[in-house]
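Trainee: Could we go through this one together, slowly?
Mentor: Sure, bring your questions and we'll check each label against its rule.

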Amino acid sequence: MQTIVTPARLVDYSILNSNEVNLEWDYPKESESFIQGYEINLANNDKGPYKVVSKIIPPSQRKLNFKESLYPSNYFTISVVGKNNQRLTSQSMLVQPVDSIPPAKPIGLEGVIDSLGTVRLKWKPNQEKDLRGYRILRANTSGEEFVDIYHQSYIGTEYKDSVSLKMTNSKVYYRIVAEDMRYNISDPSDILVLDKPDKIPPAAPIFKDYDNKDGKVHLKWIRSYSEDVVSHSLRRREKGQEKWLEIKQINDTIQEFTDDRIENKKTYQYAILAKDKSNLWSSLDHSVITVSVLNFTPVKVITFLQGTADRENRKIVLSWDYAKNKGKVLGLSIYKNEKGLPPTLWKELNSTVFTLEDKNLKINKEYEYHLVPNLENDSPAKAETLTVIY
């Protein structure tokens, strides 16, 4: 059986698209009878390894339409196969399709951020043969432009990043693009939004105004501007005390409050705090005001007042009672006058007396009695006047 001595030679190619090429070769017609045919071999570099990519091609044939996934750079050789399965292989020929088709959009991007700010990303691999890698893109706010954080193609489908937990952005945004060997770039993946662990307390609300009149303190404040605030807490304490008392929890947009549960001539401190979704509280440093309560509005203390003329026993009987402020009454001053004359102090009584008789009277006179309670803290009390005809 004759040994083959003449190799075939690849002489031309034409690229039809990124995955199809026509190959042509030469071989002496007179040697066709000595061979089984030809095999086409392919590698992605000159040194191989080469893989047979065709069945045995008949000896008379000089062309092949190759329709399979091509590499960015394709090295073809042709082997002549003898009747005894001996093979003689040609020099390689480089075929480079002009590839302008980008890789497919990456899918399956997901990730987590731990309590230290370490980010772990992963995604599904692209299937392109000529994939160079992925560009990892990040933005710190929703309107910010994405930035390439790896600065070159990243090989793999898992990536570790780290973010600062001290920055005020509560979220971080990622997307990836695939890149092929000819630097064609895919459409970017869907955006992945990750919530950062919240280590930053909300910005403090601040008081913008207050006034103190009629024994009430009216407060106005500016709410915290932090996005993740879920509620505000208004607190009060007497100056000098350590413990704060919450007097109002605010879960909506209210920014003012009137406190009427306070005592005259006392000094109070008010604090306004904000709480975020992570139960972090704002600082008190600039969110406290001190208010001294001064109330000159007389308090109505006497609720029942009656005067009865008893001519048979030659007296007038006065009766009275105190309202809810009974515990704050220290005593009672009573002024008396005949109608039209100026009043003079008639009696000073303690707070346990609720009735009194007046026997110093003249017939057919109209008497006025003025009852003035004395309250603790020198708070003003409303005087009550009673007129009795004797």
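Trainee: Which residue stands opposite Gly-37 in β6?
Mentor: That's Val-81. Keep in mind that we're looking at a predicted model.

Trainee: What makes β3 and β6 count as paired strands?
Mentor: Two strands pair if there are at least two bridges between them. β3 and β6 are joined by 8 bridges and run antiparallel, so they pass that cut-off of at least two.

Trainee: How many bridges join β3 to β4?
Mentor: There are 2, and these strands run antiparallel. The rule asks for at least two, so this counts as a pair. In it, Asn-41 stands opposite Val-52 in β4.

Trainee: Why is β3 called mostly covered?
Mentor: A residue is buried if its relative accessible area is under 20%. In β3, 8 of the 9 residues are buried.

Trainee: Where does the largest share of the largest nonpolar core come from?
Mentor: From β3, which gives 4 residues. The core has 21 residues, and those touching the most other members are Trp-25, Tyr-38, Ile-40 and Phe-76. Besides β3 (35-43), the elements giving two or more residues are β2 (20-26), β5 (63-66), β6 (74-82) and β8 (93-95).

Trainee: What does Phe-76 touch?
Mentor: Leaving out residues up to four places away in sequence, its contacts include Leu-10, Val-21, Ile-40, Phe-66 and Met-93. Asn-41 is also among them. Asn isn't one of the residue types a nonpolar core is built from, so that contact doesn't make Asn-41 a core member.

Trainee: Which residues does the second core include?
Mentor: Val-301, Val-329, Leu-375 and Tyr-390 are included in that separate core of 20 residues.

Trainee: Now the sheets. What makes β12 and β15 edge strands?
Mentor: The sheet runs in the order β12-β11-β14-β15, with antiparallel pairing. β12 (147-148) and β15 (192-195) each have a single partner strand, so one side of each is left without a neighbour in the sheet.

Trainee: How do you know that β14 and β15 pair?
Mentor: Count again: they pair in the antiparallel sense over 4 bridges, and the rule needs at least two, so they qualify. Val-172 stands opposite Leu-194 in β15 there.

Trainee: Which strands are at the edges of the open sheet β19-β18-β21-β22?
Mentor: β19 (245-250) and β22 (288-292), because each pairs on one side only. Neighbouring strands of this sheet are turned by 25° against each other on average, direction ignored. β18 and β19 pair over 5 bridges, and Leu-234 stands opposite Lys-248 in β19.

Note on methods:
Residues numbered from 1 in each chain as written. Predicted model: local features only at pLDDT ≥ 70, side-chain atom pairs only at ≥ 80, totals over all residues. Heavy atoms only, no water. Axes fitted to C-alpha atoms, helices over the stretch in contact; angles between N-to-C directions. Core = buried A, V, L, I, M, F, W, Y, C linked by side-chain atoms within 4.5 Å. Buried < 20%, exposed > 50% of the residue type's maximum accessible area, 1.4 Å probe, protein only. Contact = heavy atoms within 4.5 Å.
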